[in-house]
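Subject: Structure for your files

Hello,

Here is the structure I said I would pass on. My notes on what I found in it follow below.

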Amino acid sequence: MTERCPLRRIATAAGLGLVAGLLTGCAGDMQPSTGLPSLYLPLTTSSAAVDTTAARDMISAYRKGRGEAPLTVDADLQRLAETEAAAMAVADKPSQSRTVSAAIGRLGYASPGANLSAGYHTLAEAFSGWRDSPPHNAVMLSADATRMGIATAYAPGSKYKVYWALLVAK
């Protein structure tokens, strides 16, 4: 049988089950201009935006592999993530997660958490960086989290270029 998606075959052969699972049917997820799945698209232009569906699916698959429930994209958390990413880009520095988590809690969400970072140019890079950082990984795997919002903002004059906000809550 011929594999529709050579990236999936490579990921499977390399033992990257999570990535292979995310690439199921990846031909339909390819961007016509680049031929890349959205998780590998560079977000280093003002018109680029993170694919929230791909982000939700990737984080939810990771959570599922560790016994946690999937997340849904929450419209209010999404708007807050967009606002926070834009604010970080304007300030040219990442915000403090504690401050943003407190703001999420004041909005009535339970168990708030935030991954605020900069410098990752693709969704795949951001996910890998968060997974490899114990505090960021804890946010992604929060047992209480059921909702999320994720956004990026591009700052061309910044040394970081791309700012990220992943917000989770119950």
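**Fold and strand β4**

Along the sequence, the elements come in the order α-α-α-α-β-α-α-β-α-α-β-β, which makes eight helices and four strands in the chain. Please keep in mind that this is a predicted model.

The chain has 170 residues, of which 40% count as buried. Its exposed surface is about 8700 Å², with 55% of that supplied by carbon and sulfur atoms. Of the contacts between residues at least 6 apart in sequence, 63% link residues at least 24 apart.

I spent most of my time on β4, residues 162-169, where eight of eight residues are buried. Val162, Trp164, Leu166 and Val168 point one way from the strand, while Tyr163, Ala165, Leu167 and Ala169 point the other way. In a regular strand, side chains alternate between the two faces of the sheet.

β4 has these antiparallel partners:

- β2 (residues 113-118) is joined to β4 by six bridges, and Ser117 has Trp164 as its bridge partner there.
- β3 (residues 147-154) pairs with β4 over eight bridges, and Ala151 has Ala165 as its bridge partner there.

What does β4 pack into? The largest nonpolar core has 24 residues, and Leu123, Met148, Ile150, Trp164 and Leu166 have the most contacts inside it. At least two residues of this core come from each of α4 (52-65), α7 (123-132), α8 (134-140), β3 and β4. Apart from that core lies another, of 19 residues, including Leu80, Ala153, Tyr163 and Leu167.

Regards

Conventions: Residues numbered from 1 in each chain as written. Predicted model: local features only at pLDDT ≥ 70, side-chain atom pairs only at ≥ 80, totals over all residues. Heavy atoms only, no water. Buried < 20%, exposed > 50% of the residue type's maximum accessible area, 1.4 Å probe, protein only. Pairing = 2+ DSSP bridges. Core = buried A, V, L, I, M, F, W, Y, C linked by side-chain atoms within 4.5 Å. Contact = heavy atoms within 4.5 Å. Areas by Shrake-Rupley, 256 points an atom, 1.4 Å probe, with all protein chains shown as cover.
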